[in-house]
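Take a moment to look over the sequence and turn the model around. Then let's go through some of its residues one by one.

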Amino acid sequence: DLKVQLIKPTIAAEHVSEEEAQFEATFSADVSYAKTNQPMASLLDIQGSKLDTLSTGLNVDLPLRTGGEIKVGLTDYSIKTDSIYSVYNPSYNNSLSASISQPLLRNAGRRVNEYTIRIADYDRQISNAQTKLEAIRILAEVDKDYWRLYAARKLLDVRKKQYDLAKALFEETKSFVEVGKKARIELMRTRASVAEKLEAIIEAQNDVQDTERDLKQILNKPGLDIESKTVLIPSSEPDPVHYDIQSGQMVNNALANRMDLLALELQLAQDASTIEYRKNQTLPLVSLQYQYNVNGLGPKRSDSYELLYHNKFKDHALGLQVSIPLGNEAAKSRLRQAIYERAQKLADRDSQKAQITHDVLQQIDKLEANWQRILAARQTTILNDELYQAEKRQFELGMVTSTDVLNAQASLADAQQSEISAISDYQISLTDLAYATGTVLGAAKVQWEPFVFESGKK
């Protein structure tokens, strides 16, 4: 599950690189050949004018972050003709041109033209935040599954111990019945109790296997797959400690650390950038263009390039283009949509902050309640153990029946189960509180690195 999540930031980072590439220069080349034969009127007859034209061009286009574009091109023409009016045959004509165009209102400026890069980078940060949130959730699930397995194994130990006690009581009762100190019905009761305890062991063992399978699935460790027969034994014992938690400080920590809230703040930043961009798109389109040409001509290509080099024949062109949409309702509508979407997210942020506060306070209350459960369950276990020992002594003295002993034994098992449940629930509550505050529990030393594919691997 972690591997799946860690790929997402890598994909988002590549999208940022894709958007940044829109300002890369582009090189292009073209070659064309034309052979024409145009009819021309003369004094004697209609004659043809044959032309063989070979044209090559080299161009470099450079988009600017200000919204403009620079173009540089070199064009080479060679013409062969049978016209008697041609001075040079063949003739070579070259042209070196440079032009720049720059929007002045709409699409003008780095801020507007880097909008898609900014949005992609926000998406990358949102992906990072969401991935961290999922990573924290997965790590929290590992902790919780561990304590569920701990509780299931401890309950299995209780069931086995109860079975041993029931079996010992059965053997003891059997001895009493054989010497005539107890009625045979006592033997039947204790034998039934042994069967019940065996059934409880089977159910507890099945719970252990199910919980163990859940932990194996989420760990996904080589050699420890779901179908493996490897037995998982929890080695870290719980050490319940009562914490005096400052609710206000804990809520503030949650509001500062929660990745889902950070993702929403980044979306709000995206919306603010979108509103800024949409405002610019409502402006008229005004573009300024300038072009500079240097021309060369000669009977040889070298002569043409030499003339080009000396920069004798040059052209200048300056232009202004204006486009104003009448009404401009489409751009205005998109602007209003962006404003409404940001207002919606602002309301969602307030709702999410309230939900986070609710979650943290709820987990604090659960943690305190589970601590009180531990104290109560321990006291109950001690008292029920004393009661069981007293009932057992009474039974041996013939003052009570086996039913009283079995009832005391069942009460002791229930108390032990409640204590185990309270302890595991307390540990799980710590994990849930850590998750509610946007952190992971303990000194896990988790290092955050997006997944990177190794070259040569699929």
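Asp207 is partly exposed, with 40% relative accessible area. (Buried means under 20% relative accessible area, exposed means over 50%, and partly exposed is what lies in between, using a 1.4 Å probe and protein chains only.) You'll find Asp207 in helix α4, which covers residues 184–219. Helices here are DSSP runs of H or I with at least four residues, strands are runs of E with at least two, and both are numbered from the N terminus.

Asp207 also has company: together with Glu196, Glu199 and Glu203, Asp207 forms a negative surface patch. A patch takes residues with over 30% relative accessible area and no salt bridge, joining like charges within 9 Å and nonpolar side chains (Val, Leu, Ile, Met, Phe, Trp, Tyr) within 5 Å. Asp and Glu count as negative, Lys and Arg as positive, while His and the chain ends are not counted.

Before we go on, keep in mind that this is a predicted model, where local features need pLDDT of at least 70 and side-chain atom pairs count only at pLDDT 80 or more, while totals for chains, interfaces and linings use all residues. Residues are numbered from 1 along each chain as its sequence is written, and side-chain values use heavy atoms, with hydrogens and water left out.

**Salt bridges**

Side chains of opposite charge can pair when their charged atoms come close. How many salt bridges does the structure hold? There are 20 salt bridges, each one a side-chain nitrogen of Lys or Arg within 4 Å of a carboxyl oxygen of Asp or Glu. Here are some of them:

| Positive residue | Negative residue | N to O distance |
|---|---|---|
| Arg110 | Glu114 | 3.0 Å |
| Arg137 | Glu134 | 3.0 Å |
| Lys345 | Asp271 | 3.3 Å |

Lys345 and Asp271 link distant parts of the chain: Lys345 is in helix α8 and Asp271 in helix α6 (residues 259–281), 74 residues apart. Asp271 is buried, at 8% relative accessible area.

Glu134 and Arg137 tell another story. They are three residues apart in helix α3 (residues 115–178), so about one helical turn separates them. Glu134 counts as partly exposed because its relative accessible area is 24%, and Arg137 is partly exposed at 31%.

As for the pair of Arg110 and Glu114, is Glu114 buried or exposed? Glu114 counts as buried, with 18% relative accessibility, whereas Arg110 is partly exposed at 46%. Both belong to a network of salt bridges that also takes in Arg65.

**Along helix α8**

Helix α8 covers residues 329–396, and Leu367 lies in it. Leu367 is buried, with just 4% relative accessible area. What does Leu367 touch, if you skip residues up to four places away in sequence? The list is Ile245, Tyr426, Ser429, Leu430 and Leu433, where contact means heavy atoms within 4.5 Å. If you'd like a sense of scale, Leu367 and Arg124 are 36 Å apart in space, C-alpha to C-alpha, and 243 residues apart in sequence.

Leu361 is in helix α8 as well, but this residue is partly exposed, at 34% relative accessible area. Leu361 touches Ser247 and Val251, again not counting residues up to four places away in sequence. Its C-alpha atom is separated by 8.5 Å from that of Met250, although the two residues are 111 residues apart along the chain.

**A serine in helix α9**

Now try Ser402, which has its place in helix α9 (residues 402–436). Ser402 counts as buried because its relative accessible area is 0%. Leaving aside neighbours within four places in sequence, Ser402 is in contact with Glu186, Arg189, Thr190 and Phe395.

**Two asparagines with positive phi**

Let's finish with a pair of loop residues. Asn311 isn't a glycine, yet it has a positive phi of about 60°. Look for Asn311 in the loop between α7 (301–310) and β6 (313–323), where Asn311 counts as partly exposed at 29% relative accessibility.

Where is Asn328? Asn328 lies in the loop between β6 and α8. Asn328 has a positive phi too, near 55°, and is a residue other than glycine. With a relative accessible area of 14%, Asn328 is buried.

Terms used
Areas by Shrake-Rupley, 256 points an atom, 1.4 Å probe, with all protein chains shown as cover. Charge placed at Lys NZ, Arg CZ, Asp CG, Glu CD.
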